[in-house]
Amino acid sequence: MKALLLVSELEDYTIAFASGVAQHMPVVLGVPRRRYAHLASWFDPAVDLHLLDWPRHRSLANPWFLHQLTRLIRHEQPNLIHLLSNSTLWLNFAAPFWRPIPLVTTVHDVEVHPGDSDTRTLPGWAPELMVRQSGHVVVHGEGLKRMVLDRYSKSPDCVHVLSHPAIHRYAELARRQKMARRTTDGTLRVLLFGRIFAYKGLEYLIRAEAMLKDALPNLHITVAGRGDDPWVFKRLMGEAGRYDIRNRFIEDEEVAQLFLDADIVVLPYTEASQSGVLNLAAAFGKPVIVTDVGELRATVQPNGLGMVVPPGNAEELAKAIRILADNSELRNNLGASALEWATGPNSPEQVGARAAAVYREVVGSC
């Protein structure tokens, strides 16, 4: 049995997922050359990687690309096609020509996050149509499955839950380059990482810092990632000098160093489905503080990855930071549980095994 995977973005997720599935069955992966060429060495050698001249959404080259992609599919003759995201407009027009090969699509976010300007560049009908054209759908949690069932009227047997696999690439980079945590100086380093959009809850982290100004004089907060300008909240900061703001794209080595140095990774999201940052933090064995949105509680609490607080509540977030700041043993225990989860049940290999089982089920039902 052979699976053909297609995706135009989501590099870290794709590397982990495709490499995991390839441990259990032949995998052909088609991705844009412009986004993946420099990452090719991070894929497991078992992945049959095809770097495609995949045009951007507005390019007039898309019809020719779809023709070439369909030729590739016919040549490979996969038993199943899995779109690792439903956010590629033009694949909607090619999907009918791939029949009768079963089509599976992963829906990472059933609803667009508030302030997510990246996703809003895509017409709203495009991701909806892709889901409706797909015989089977993959989501990252039971709550998301219920949302898909309500929204798309799919049969429960056609909506499958596969967790977002741990992202080990940056931790492996740190090992290869023998990177180390900076010298401990008594500073408690809290990290908020990723695209800085409205739903990430940066305002509440800043309000929490202000509440802790006197209680935790050694607190240092790093906000790293492109998106909205964090300095718009400067007036809310308890002490602006405690912040390290990196409002830009963060290169791989810098990502690794940020997570090595962090004592706590915070995800104060006001809305979310799941989180790649959570899966990155776990690979570094870092405790997290998350809000009770999307699948975050269902992921963090049963696996002992960190603490859960209500969304939009700076006071509870401040309390959680204070608890972890005052208890290094608790931080270490949560971090150890996170690393065990990332290298065990949520490792790419084990998530890949579950994905392979889903593929066999889908093909067997057709």
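1. Helices here are DSSP runs of H or I, at least four residues long, numbered from the N terminus. In this predicted model, helix H7 covers residues 169-176. Glu172 and Arg175 both belong to helix H7 and lie three residues apart, which means about one helical turn separates them. Their side chains meet in a salt bridge, 3.1 Å from N to O. Glu172 is partly exposed, at 26% relative accessible area.

2. Helix H7 (residues 169-176) deserves a second look for its Arg169. The charged end of Arg169 sits over the ring of Tyr170. The distance to the ring centre is 4.4 Å.

3. Helix H12 comes next. It spans residues 314-326. Glu316 and Lys319 are three residues apart in helix H12, so about one helical turn lies between them. A salt bridge joins Glu316 to Lys319, with the closest N and O atoms 3.4 Å apart. Glu316 is partly exposed at 29% relative accessibility. Lys319 is partly exposed too, at 42%.

4. How many salt bridges does a search of the whole structure find? The count is 20. Some of the residues involved form a network: Asp244, Arg246, Arg248 and Glu254 are linked by salt bridges. Within that group, Glu254 pairs with Arg248, and their closest N and O atoms are 2.8 Å apart.

5. Is Glu254 buried or exposed? The cut-off for buried is under 20% relative accessible area. Glu254 has 18% relative accessibility, so Glu254 counts as buried. Its partner Arg248 has 38%, and therefore counts as partly exposed. This salt bridge thus joins a buried acid, Glu254, to a partly exposed base, Arg248.

6. On to the aromatic rings. A search of the whole structure finds seven aromatic pairs. One of them is Tyr36 with Phe43. Their ring centres are 6.1 Å apart, and the planes meet at 35°. Why is this pair called tilted? Planes under 30 degrees apart count as stacked and those over 60 as edge-to-face, so an angle in between is tilted. Tyr36 is buried, with 0% relative accessibility. Phe43 is buried as well, at 7% relative accessible area.

7. The rings of Trp90 and Phe93 have centres 5.5 Å apart. Their planes lie at 55°, so this pair is tilted too. The surroundings of these rings can be set against those of the pair in point 6. Trp90 is partly exposed at 23% relative accessibility. Phe93 is partly exposed at 42%. Tyr36, by contrast, is buried at 0%, and Phe43 is buried at 7%.

8. One aromatic cluster should also be noted. Phe193, Phe259 and Phe284 form it together.

9. Last, the interior space. The structure holds one cavity of 30 Å³ or more. The volume of the largest cavity is about 30 Å³. Which residues line the largest cavity? They are Arg181, Arg182, Thr183, Thr184, Asp185, Thr187 and Arg189. The lining has no nonpolar residues. Three of its residues are polar and four are charged. Among the lining residues are the arginines Arg181, Arg182 and Arg189, along with Asp185. The threonines Thr183, Thr184 and Thr187 also contribute to the lining.

Methods
Residues numbered from 1 in each chain as written. Predicted model: local features only at pLDDT ≥ 70, side-chain atom pairs only at ≥ 80, totals over all residues. Heavy atoms only, no water. Phe/Tyr/Trp six-rings, centres within 6.5 Å; stacked < 30°, edge-to-face > 60°. Buried < 20%, exposed > 50% of the residue type's maximum accessible area, 1.4 Å probe, protein only. Lys NZ or Arg CZ within 6 Å of the ring centre and 35° of its normal. 1 Å grid on protein atoms, 1.4 Å probe; cavity = no way out; pocket = protein on both sides within 12 Å on 5 of 7 lines; lining within 4 Å. Points joined across faces, edges and corners; volume = space filled by probe spheres on them. Nonpolar A, V, L, I, M, F, W, Y, C, P; charged D, E, K, R; others polar. Salt bridge = Lys/Arg side-chain N within 4 Å of Asp/Glu carboxyl O. Helix = DSSP H or I, 4+ residues; strand = E, 2+ residues; numbered from the N terminus.
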